[in-house]
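Here are a few short exercises to work through with the model open beside you. Try each task before reading its solution.

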Amino acid sequence: DFFKRVTILTEGIETSEDSGLLSLELAELYFSADEYRLALARYDEAFIALPPSYRERFQKKRDLAFQLLDQPAVKVETRALLDKPALLTSDVLLLTLRETPFLSMFTDNQNISPEILLERLKERRYIFDKSLAVTDVMLRKNIAYFLVNILASLENDPKLLSRYSGSHPGSFDSPVPDVSVTEYYYNAVLVLVEREIMELPDGVRFFPEKPMSGSEYYSILKNLLARYR
């Protein structure tokens, strides 16, 4: 059980040469149990002992533990989504519904299915890819386009939807090398990175074709909520 695993790992950290890996395993165990303060301490211990590649892999989860320190325990339903390595479209919509008020205009505060919500979002052009289904993995480019529409609505500023769109696409170089100025999500990426709502994972590229984990998306939602509460 939980306490037995904690005891075994704690004793192992004190005696094993692999204390860094055991600290990381203990951090993950504490995180899964919503013990964020304990998880944070163990992540930091592990990062000191392990090669930099481990920090690169687990930094976002460590930072999420820090964000959650003083917040109520995460709902059980949300916890399952946070642990997913690649969110489906339905997952993104459910997390957004559960953790923010951003989609209330589409639901009238009623319970509706992800399928109906997705169709309403497409009708209002919050989703660019009309073929996107609730069972599809929602890639970073899809999420960026979705979120910039939410941001424009929150700020009542439709100009955000075209702020960085040039009048002559392709006539200048993109500041993000893997996001062409001709792509539909180009403006969304620049706006969200500039506002520090989304980030360039390696400091240079956006990785538009990659999926997003539940913990990453949850952190982004918290960034948005912090601005508009």
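**Exercise 1.** What volume does the largest cavity have? Keep in mind that this is a predicted model.

*Solution.* Start with the count: the structure holds one cavity of 30 Å³ or more. The volume of the largest cavity is about 40 Å³. Next, look at the walls, which are formed by Y126, I127, F128, D129, L132, N142, Y145 and Y184. Sorted by class, this lining has six nonpolar residues, one polar and one charged.

**Exercise 2.** Find the largest pocket and work out which element gives the most to its lining.

*Solution.* First, the space: the largest pocket holds about 940 Å³. Its lining counts 29 residues, and R57, K60, E199, S213 and E216 are the closest to the centre. Two or more lining residues come from each of α4 (52-67) and α11 (214-228). Of the elements, α4 gives the most, with eight residues. Finally, the classes: 13 charged, 10 nonpolar and six polar residues make up this lining.

**Exercise 3.** Do the same for the second largest pocket: which residues are closest to its centre?

*Solution.* The second largest pocket has about 400 Å³ of space. Among its 24 lining residues, Y145, V148, N149, L161 and N187 are the closest to the centre. The elements giving two or more residues are α9 (140-154) and α10 (186-194), and α9 gives the most, with five. By class, the lining has 13 nonpolar, seven polar and four charged residues.

**Exercise 4.** Compare three salt bridges: how far apart in sequence are the partners in K61 and E28, R42 and E45, and E209 and K141?

*Solution.* Side chains of opposite charge can pair when their charged atoms come close. The whole structure has 13 salt bridges.

- K61 and E28 meet at 3.3 Å, N to O. This pair links helix α4 with helix α2 (residues 19-32), 33 residues apart. K61 counts as buried because its relative accessibility, 18%, is under 20%.
- R42 and E45 meet at 2.8 Å, N to O. Both sit in helix α3 (residues 36-49), three residues apart, so about one helical turn separates them.
- E209 and K141 meet at 2.9 Å, N to O. E209 is in the loop between α10 and α11 and K141 in helix α9, so the bridge ties together parts 68 residues apart in sequence. K141 is buried at 17% relative accessibility, while E209 is partly exposed at 48%.

**Exercise 5.** Which residues does a network of salt bridges link?

*Solution.* Look for D44, R62 and D63, which are linked in such a network.

Conventions
Residues are numbered from 1 along each chain as its sequence is written. This is a predicted model: local features need pLDDT of at least 70, side-chain atom pairs count only at pLDDT 80 or more; totals for chains, interfaces and linings use all residues. Side-chain values use heavy atoms; hydrogens and water are left out. On a 1 Å grid over the protein atoms alone, a cavity is a set of points where a 1.4 Å probe fits but cannot get out, and a pocket is an open set with protein on both sides within 12 Å along at least five of seven lines; lining residues have an atom within 4 Å of a point. Grid points are joined across faces, edges and corners, and a volume is the space filled by probe spheres set on the points. Ala, Val, Leu, Ile, Met, Phe, Trp, Tyr, Cys and Pro count as nonpolar, Asp, Glu, Lys and Arg as charged, and the others, Gly among them, as polar. Helices (H or I, at least four residues) and strands (E, at least two) are DSSP runs, numbered from the N terminus. A salt bridge is a side-chain nitrogen of Lys or Arg within 4 Å of a carboxyl oxygen of Asp or Glu. Buried means under 20% relative accessible area, exposed over 50%, partly exposed in between (1.4 Å probe, protein chains only).
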